Amino acid sequence: MMREGVAGLILRRIAVAIPLLFLISLGVFALVHIAPGDPVRALLGTRASDPETLNNLREKYHLNDPFIVQYGKWLWQVLQGDLGRSINGNRKVWNAIAERGSITIALSLLGTAIVLVFGIGLGMIAAFKRGTRIDRAMVMFGVFGISSPAFVTGIFLLYFFGVVLGWFPTFGAGDRNFVDRLWHLTLPALALALSVMAIVVKITRAAMIEELDKDYVTFARARGLSATRITFAYVLRNALIPVITAAGIVVVGLLASAIYVEVTFALPGLGSLTVDAVQKRDIPLIQGTTLVFSCFVVAINLIIDVVYTLIDPRIRFGKVES
Amino acid sequence: MTAVTEPARGRKRSLNLSLALCFTLMAVVIVCAIFRSSIAPDSPFTQRLEVGDKPPSAEFVAGTDLLGRDVLSRTIHGARTALVGPIIVAAGAFAIATILGLLSGYLGGWVDTVIMRWVDFMLALPGILVAIVVVGVIGGGYWTAVAVLIILFTAPDTRIVRSAVLEQRPLPYIDAARSLGISKRRILFIHILPNILPLVLAYVALDFAFALVNLAGLSFLGLGVEPGTPDWGRMLFENRNILFTNPLGLLLPAGMIILTAVSMNLIGDWLFERLTK
């Protein structure tokens, strides 16, 4: 019965995700038509054109068909893995994305690791030291963290660790060597982590405080269990459930901030590719990166939903309303 | 007992001190935004190419940027775009969200379903990416950005208003009003609205902080205000290459973005505590 419940739940979530992706793809496709002026011009960019090229392009992008037919043909191509060619450089969009993806993935993973370790750690400390100066400092840090965007944090990090102290490089992602890459990605990952860490600290703190007041903690203490065991085996496990619920916000926030961080630190990732494409109005490239980014976000939300139900049996059995 | 109350009192005092600082900072920003030309020591547009990017000096307290423009004057003038856009976004989003939330929460049925499905869809989108792409493709800079942010912010705000309305719905005064035969529109706007307005106001302050950061972000990417406009986000974009020669060109506007956003967030939290509890 349990397995059926999980499978059914996953299927239900996927059933919600598919129309969502469908709507997103419609929006992404519509970008060609949202752009001011003739869609052909939008697709052509600033390149010189003669009537023949224009006609070829119209033919290629099916611009003479009605909107919905155009969309259908475009979607069919996309589903076959053809995202078209970029205006600048006439490259396959898919190749440009594949080339840039690794930096964004490495950056996000590093950022997530920092958020998890330090966010949960600091949240726990704040909960244990509730009401003290440390706790208040943590709350204040949280306000600054939530208020300050990744590009501003990034600039301060760049200045102090890159310019004043000179510990870290100020731009680029380094070469393929792992250590060098890590050295170049540390500051960006920190800027990325700080932008969302405050949420994790806040939620962990609140959840820990709530759990610490519960009877089972008093009972465990009375039984003489060690503080370490109570904290990590009992309290933390329960306190992490709200953190996982918020994981969707955290990861999506992280990905969105990655766009700013990559621009701030001049990293050649997907985010800076998107911004570059937007600045040059390279519509096919914008469509490609937006589509990939959105699919990623939808997929992550889907995974987190499923993981969440796997971790908390109460939700799995439908005893708790989400 | 004293051990428990002591830190709480200390906290309250420090909270009031930081609140006073927040209000002072916002007052300074507002004054700068209104009287910018009389306060700024120099025009934000005067270029001195022969001076270039210089660190702080007696003449230019915060130094100059690549075109030799006074960083301090540009930061002071930047207060205007930092206030006007976010105010319009916060007010606009909540005006729409209040109407949608009232309808959704009070009427229920298909109206509620349609509005909430739309909200769910908007919340599933990566908002920052949507803003970057739509503003970039449509063009139009600052005001397009303001419009896009209003639409993006309306969704979560609608959800907030709706849940506040749902809390009011079962209360006796609604039943009383209905049994008196008062029209739906009157119940919504004369009876429910004043009760949820404090909550709305608190969230408007939080929305302002978020809009400020997002508008600055778009300008930082070169998509917000027109090139050359004195704007904190735009300054970060234009001065990104002078981090070594005159770091204040970046740190001053960056600091103003953080401080203003922090202030509005704390003011919003305070309003929330005061008006809703």
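These are my notes on a predicted model with chains A and B.

**Confidence.** I looked up the scores for the whole complex before anything else. The predictor gives an ipTM of 0.81 and a pTM of 0.84. For chain B I noted a mean pLDDT of 84, with 94% of the residues at 70 or more. The exception I marked is residues 1–11 of chain B, where the pLDDT is below 50. This stretch has 3 contacts in the model beyond near neighbours in sequence. I do not interpret its coordinates, because predicted coordinates should not be read in detail where pLDDT is low.

**Chain A.** I went through the secondary structure and found 14 helices and 0 strands. The order of elements from the N terminus is therefore α throughout, by the DSSP runs used here. I then checked burial: of the 322 residues in chain A, 37% count as buried. For contacts in chain A with a separation of 6 or more, I recorded that 72% join residues 24 or more positions apart.

**Interface.** How many residues does each chain bring to the contact? Chain A brings 40 residues and chain B brings 34 residues. On the chain B side, I listed the helices that supply at least two residues each: helix 1 (2–34), helix 4 (109–124), helix 5 (127–138), helix 8 (184–220) and helix 10 (248–276). Helix 10 of chain B gives the most, with 9 residues. I also sorted the residues of chain B that touch chain A by class, and got 27 nonpolar, 6 polar and 1 charged.

**Cross-check.** I note that helix 1 of chain B spans 2–34, while the pLDDT below 50 covers residues 1–11 of chain B.

Key. Residues are numbered from 1 along each chain as its sequence is written. Chains are lettered from A and ligands numbered from 1 in the order in which they are written. This is a predicted model: local features need pLDDT of at least 70, side-chain atom pairs count only at pLDDT 80 or more; totals for chains, interfaces and linings use all residues. pLDDT is the predictor's confidence in each residue, from 0 to 100. Two residues are in contact if their C-beta atoms, placed from the backbone, lie within 7 Å. Helices (H or I, at least four residues) and strands (E, at least two) are DSSP runs, numbered from the N terminus. Ala, Val, Leu, Ile, Met, Phe, Trp, Tyr, Cys and Pro count as nonpolar, Asp, Glu, Lys and Arg as charged, and the others, Gly among them, as polar. A residue is buried if 20 or more other C-beta atoms lie within 10 Å of its own, exposed if 12 or fewer, and partly exposed in between; C-beta atoms are placed from the backbone.
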